[in-house]
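Visitor: Please pick one spot in this protein and take me through it up close. After that, I'd like to hear how the rest of the chain fits around it.

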Amino acid sequence: MAEDPIYLGLLGFGNVGSGTLQTLQENRQSIALKAGRPLKVKLVADVDWKRPRPVQVDISEDQKTEDAFAVVEDPDIKIVIECIGGLEPAGELVLRALRNGKNVVTSNKELIAKRGREIFEEADRHKVDIRFEGAVAGGIPIIRPLKESLAGNRIKRMMGIVNGTTNYILTRMTQEGSEFAAALAEAQERGFAEKDPTDDIEGYDAVNKLAILASIAFESRVNVEQVYREGISGVGAADIEYARRLGYTVKLLAIGEDTPEGLELRVHPVFLSLSHPLAAVGGVFNAIWVQGSSVGDVMFYGRGAGVLPTGSAVMGDVIEVARNIQHGATGRLACTCFSDKPVKDIAETETKYYIRTAVKDRPGVLGKIATVLGDAGVSLASVLQTRASGEAAEIVWVTHNVKEAKVREALDKVRALESVEQICSWARVEE
Ligand code: HSE
């Protein structure tokens, strides 16, 4: 093994940054052997050196800086690890590093999802690596499997639980029978949800991740605006209970499918059949289920966030880049978006639907609603009626496969019926 080190520079010493350095520190010998050369941290940039860190990492005073630009300008540094997050200043720093001929490893999903094209083009221009395994589903290997191990396949479909916060909340609602607000408060208390949880619970985080995964899987650049999004704040304890009675569990899924009419891209709560492997993924865990043309079904499961799991993903990328540096092979795994596929509108989605209606408990109501649904072309698979209180009852409907446009049209007509109090909720169903 060559003795001269490859120098690393780290931008941002928060959770992911410290997890990355702890991984390096703990496994330094074997990492050096795998990389072919020792990996040495030359500079670590952070704006606040006093805040507490989640793990203990030894950094000497001469490695510390508050000037992130000093890292991307340092001529010795060959790999810049970006763990700041957000669009700026991370974007400017990553582009500067690439222009300076440095390879970049990042865990920044927002940056890759929203400015991926610009970043890949810059990396390509300078024949350097840009790696981002930690940007999607934390410690779970999914970017490189899609780009490398499954490269011989045409990816037809994928479904993922890619947000741990929402999976934790839905799991607790299922276990406890609690309402969304109580489960969210508990998740916040236990540190599984942010003080401002909007990004997670409204599905924005999952949209960024799906945009990245779909761009790679379907070889076509997906913009975040093209992904349909619904969060989980409208899911009630009653929906979770009906799901259980009907043989489903409620999950926030990121779904991508390559269809002859275009890409289907959506993030929303799903009534997922208990027999699907993703149904067993509980708590903060993430999983991505992929259907390849040759491999068939594969599923990737693990911790989608956390100091060391994400550090593991980042370090794996760093080692791969170090190997490429030694073999003069950087820049070989550039952008794989070869085509520009159209994206289908959500109204064109065809799936099964769950519909929960509150109605007046009178003779003939069930028949009237069934007729309206039938006239709109919505065929029913099952019906469940319960008496809620007094004169009111709830009727839950599960449809056969039907276009969403037809369901929306039918729901408008059902809503207008005098005997219907309200449509309490409706959701898409995956078998
Ligand atoms: N907030 C994310 C989650 C983790 O809850 O899964 C970071 O991507």
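Guide: Let's go to G160, which counts as buried because its relative accessibility is just 3%; buried means under 20% relative accessible area, exposed means over 50%, and partly exposed is in between, using a 1.4 Å probe and protein chains only. Before we go on, keep in mind that this is a predicted model, where local features need pLDDT of at least 70, side-chain atom pairs count only at pLDDT 80 or more, and totals for chains, interfaces and linings use all residues. Residues are numbered from 1 along each chain as its sequence is written, and side-chain values use heavy atoms, with hydrogens and water left out.

G160 sits in strand β7, residues 155-161. Strands (E, at least two residues) and helices (H or I, at least four) are DSSP runs, numbered from the N terminus. Who are its partners? Setting aside neighbours within four places in sequence, G160 is in contact with L252, L253, A254, L278, A287 and I288, where contact means heavy atoms within 4.5 Å. A279 gives you another sense of the folding: G160 and A279 are 119 residues apart in sequence, yet their C-alpha atoms are 11 Å apart in space.

Now zoom out. Such long-range pairing shows up in the whole chain: of the contacts between residues at least 6 apart in sequence, 74% join residues at least 24 apart. Being buried is also common, with 55% of the 431 residues in that state. The chain has 14 helices and 17 strands. Its radius of gyration is 24 Å, close to the 22 Å from the globule rule for 431 residues, so the chain is as compact as a globular protein of that length. (That radius is taken over C-alpha atoms, and the rule is 2.2 Å times the number of residues to the power 0.38.) Along the principal axes, the C-alpha trace spans about 85 × 45 × 30 Å.

Some loops have quirks of their own. Between β4 (77-82) and α4 (90-99) lies P89, joined to E88 by a cis peptide bond with omega of about 10°. A137, in the loop between β6 (130-131) and α6 (143-149), has a phi near 60°, which is positive in a residue other than glycine. A137 is buried, at 1% relative accessibility. E219 isn't a glycine either, and its phi is about 55°; this residue lies between α10 (204-217) and β8 (228-229) and is partly exposed, at 31%.

Further along, α13 (residues 365-375) packs with α14 (residues 404-415) at an angle of about 150°, with axes 9 Å apart. Axes here are lines fitted to C-alpha atoms, for helices over the stretch in contact, and angles run from 0 to 180 degrees between N-to-C directions. So α13 is roughly antiparallel to α14: over 145 degrees earns that label, under 35 is roughly parallel, 65 to 115 roughly perpendicular, and the rest oblique. I369, V372 and L373 of α13 meet A410, K413 and V414 of α14.

Just past α14, S419 lies in the loop leading to β17 (420-430). Like our starting point, S419 is buried, at 3% relative accessibility, and not counting residues up to four places away in sequence, S419 touches V359, K360, R362, V365 and K368.
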